[in-house]
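Got your viewer open and a selection box ready? Load the model below and we'll walk through it one stop at a time.

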Amino acid sequence: MVDAVVVGSGPNGLSAALVLAAAGLKVEVYEAARRPGGGARTEQLTLPEFWHDVCSAVHPMALASPFFRAFDLGRHGVELLQPQVAYAHPLDGGRAGLAWADLDKTAEGLGADGAAWRSLFGPLVERWQGIVTTAMSDYRHPPRDPIGVVRLGLRLLEQSSPLWRARFRGDVAPAMMAGTSAHAIAPVHRPAATGAGLLLGTLAHAVGWPIPRGGSVAIVNAMTRALEDRGGRIITRHQVESLAELPRARAYLLDTAPAGLLRLAGDHLPDGYARVLRRFRYGGAVCKVDFALAGPVPWAAPGCELAGTLHLVGSEREAAIAEREVTAGRHASRPYVLASQPGVVDDSRAPRDHHVLWTYAHVPNGSTRDVSDAVIAQVERFAPGFRELILAKRVVTAAEQPAHNANYVGGDISGGATTAWQMLMRPVPRWDPYRTPLPGVYLCSSSTPPGQGVHGMAGLHAATRVLRQRFDIRADPLELVRSLDHRAPAH
């Protein structure tokens, strides 16, 4: 008998396992894939020696989330590389908005809208830690930084209403704001998407949008080493079909979508709870296109070659149209394309003088369409000559995403539709959203608060409840994480 079993080894499953192991419990993790990590994996997807991130690629939360601030990836051997430009938003005509780490430098590049950008993000950057702590909370307790929350709330109300038009005079700053909000795969001026955009925009100037040397797998490797150092065990290539097949334990934590809980628990869930899980809404999806390139992307706008991340959609209006189309279940003719070029800081990702380009195009949930031609067209639009650099590409449609990660239902990488209600009350409207009606069974995935992202906080919140409710351990979970041993990675 073990103390706790975790199903799924994504960042939330691993963070839950780490908290429990740090408390002295015996933990086993079961993973269906051949390697742990869930969406945080790095593999040779196109050509030999071209290393692509399978899902997550850029990691502001690796420096910002309370879990990773306590874990301290640098202390565990992970090198987080900072592009000079956190993100770029190119526009037609060889122009682009550039989000530098320096807020004042960013404002200077926005001309007449510089002061408005500074007044939008400056007060948030000042209190970024309190804002992140609230945004990464379980949404069931009063905020620790009410002033920061008020500042964020006022800007959220403005940017998710027609008042946003009164702030900016040009077209670059609104496009940048829409580009960050569209990360939510939801209409860009809805509250949940706006909140995501404000948070990501704040982190660009507060901690940056770093890229781990060697890819996202570096984060997972650090977490798995720390878990194994504390006696934890990870069993890969093991597809769990039912909770009944797992070893006896006092707690089970499932890093799965609601659909996964329904599959694993079968008819054991109460009818009412199961009915709510079946009504859980999955959101817009992605078609993933990876490229192996013969050289760097030839961006037309100066500064884009320095950016780790790019939002390829054009104007604010084009971003709004593209996201509305996806929400309505239609393919946008010019989709929103999120791109990452890790080679700007990490020369280990491709052979010398070569590069990889990571892209997501937003598409309707369940889409079977290969939209790589539309992706290439969007890149070529802002980087003429891009087509000639393509050595190989790999496409994973939205419908194919669940074969790589069962949590990506219909290609939804966010763990559920990004709406204000569903962010607060995911997956069910209960005071304890992690605890299921089954004794000792908990959810710890991004389908629970605080939602999507590589932050480890859903796992930490679930594990905190497990410690108290199943083992009567009331230690501070972040202090437990800080106590984890570390050792240098093997070379």
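This tour of a predicted model goes through its cavities and then its aromatic contacts.

**Stop 1: the largest cavity.** Before zooming in, a word on the overall tally: four cavities of 30 Å³ or more turn up here. For the largest one, select V54, R394, V396, Q401 and H404, which are the lining residues nearest its centre. You're looking at a space of about 80 Å³, with 13 residues around it in total. Now colour strand β15 (390–396) and helix α16 (401–404): these are the elements that give two or more residues to that lining. What is the wall of the largest cavity made of, by class? Five of its residues are nonpolar, five are polar and three are charged.

**Stop 2: the second largest cavity.** Next, select W51, H52, D53, A57, D290, S340, P342, R349, V356 and W358, and you have the lining of the second largest cavity. The volume there is about 40 Å³. Show β4 (51–53) and β14 (355–363), since each supplies at least two lining residues. Which element gives the most? That's β4, with three residues. By class, this lining has five nonpolar, two polar and three charged residues.

**Stop 3: a tilted pair.** Keep W358 from that lining and add Y360. Together they make an aromatic pair, 4.6 Å centre to centre with 55° between the planes, which makes it tilted. Both are tucked away: W358 is buried at 7% relative accessibility, and Y360 is buried at 3%.

**Stop 4: a stacked pair.** The model has eight aromatic pairs, and another one to pull up is Y87 with W209. Why does this pair count as stacked? The ring centres sit 4.7 Å apart and the planes meet at 25°, so it is stacked, the cut-off being under 30 degrees. Turn on the cartoon: Y87 is in strand β6 (residues 85–91) and W209 is in the loop between α10 (191–206) and β8 (211–212), so the contact ties together parts 122 residues apart in sequence. Buried or exposed, what is Y87? Y87 is buried, with 0% relative accessibility, and W209 is buried too, at 2%.

**Stop 5: a cluster and a charge.** Select F67, F68 and F71, which form one aromatic cluster. Then finish on W100 and K105: look down onto the face of the W100 ring and you'll find K105 lying over it, 3.7 Å from the ring centre.

Conventions:
Residues numbered from 1 in each chain as written. Predicted model: local features only at pLDDT ≥ 70, side-chain atom pairs only at ≥ 80, totals over all residues. Heavy atoms only, no water. 1 Å grid on protein atoms, 1.4 Å probe; cavity = no way out; pocket = protein on both sides within 12 Å on 5 of 7 lines; lining within 4 Å. Points joined across faces, edges and corners; volume = space filled by probe spheres on them. Helix = DSSP H or I, 4+ residues; strand = E, 2+ residues; numbered from the N terminus. Nonpolar A, V, L, I, M, F, W, Y, C, P; charged D, E, K, R; others polar. Phe/Tyr/Trp six-rings, centres within 6.5 Å; stacked < 30°, edge-to-face > 60°. Buried < 20%, exposed > 50% of the residue type's maximum accessible area, 1.4 Å probe, protein only. Lys NZ or Arg CZ within 6 Å of the ring centre and 35° of its normal.
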